[in-house]
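Please read this note with the sequence and the model open beside it. The points follow one helix and the aromatic rings around it.

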Amino acid sequence: MTEHVWTYRSTAGHLAGADLTGYKVEATDGDIGKVDKHSYEVGDAYLVVDTGVWIFGKEVLLPASTVIHIDADEEKVYVDGTKEQIKNAPEFHRDKHLGDVDYREALGTYYYSAGGPLGRRPV
């Protein structure tokens, strides 16, 4: 059900191999932090965002399909979702969850299943 969650949208402007580390990340209602780590592998693409003081130094994992647009000139990544929706996603711990298939399934379901907080199907 969530197989397309880990792939960038064709309209996002992502270029394979582009380094997004350090880019600011903007939710639909404001800044949520900076890209600390990312993957651009097909079917396994994501952003790890360091939220700084916004969520007291925690990180969030965002599936690549949440990326609406990448602005290389401004070094910003715009994502689909509000700060509250992102904050309420299943809690992420890099050492525990980065390669965890069950966590990824839960996160994908949170963001994209019908009736989820974004109320739509995978893109």
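The numbered points below begin with how the model was treated and then turn to its parts.

1. This is a predicted model, in which local features need pLDDT of at least 70 and side-chain atom pairs count only at pLDDT 80 or more, while totals for chains, interfaces and linings use all residues. Residues are numbered from 1 along each chain as its sequence is written, and side-chain values use heavy atoms, with hydrogens and water left out.

2. Helix α3 covers residues 101-112, where helices (H or I, at least four residues) and strands (E, at least two) are DSSP runs numbered from the N terminus. The expected span of a helix is 1.5 Å times one less than its number of residues, so the 12 residues of α3 should span 16 Å, which agrees with the 16 Å between its end C-alpha atoms.

3. The buried residues of α3 (buried means under 20% relative accessible area, exposed over 50%, partly exposed in between, with a 1.4 Å probe and protein chains only) are Y103, R104, L107, G108, Y110, Y111 and Y112. They cover an arc of only 165 degrees around the axis, which puts them on the same side of α3; the arc is that of the directions from the helix axis to the C-beta atoms. On the other side of α3, V101 and D102 are exposed.

4. The buried residues of α3 pack against β3 (46-50), β4 (59-63), α1 and α2, contact meaning heavy atoms within 4.5 Å.

5. Rings of Phe, Tyr and Trp (its six-membered ring) pair if their centres lie within 6.5 Å, and planes under 30 degrees apart count as stacked, over 60 as edge-to-face and the rest as tilted; by this rule there are two aromatic pairs. The rings of F92 and Y103 have centres 6.0 Å apart and planes at 40 degrees, so this pair is tilted. Because F92 lies in the loop between α1 (83-87) and α2 (94-97) and Y103 lies in α3, the pair ties together parts that are 11 residues apart in sequence, and both residues, F92 and Y103, are buried.

6. In the pair formed by Y110 and Y111, the ring centres are 5.2 Å apart and the planes stand at 85 degrees, so the pair is edge-to-face. Y110 counts as buried at 18% relative accessibility, and Y111 counts as buried at 1%.

7. The charged end of R104 sits over the ring of W6, 4.8 Å from its centre, a description used if NZ of Lys or CZ of Arg is within 6 Å of the ring centre and within 35 degrees of the ring normal.
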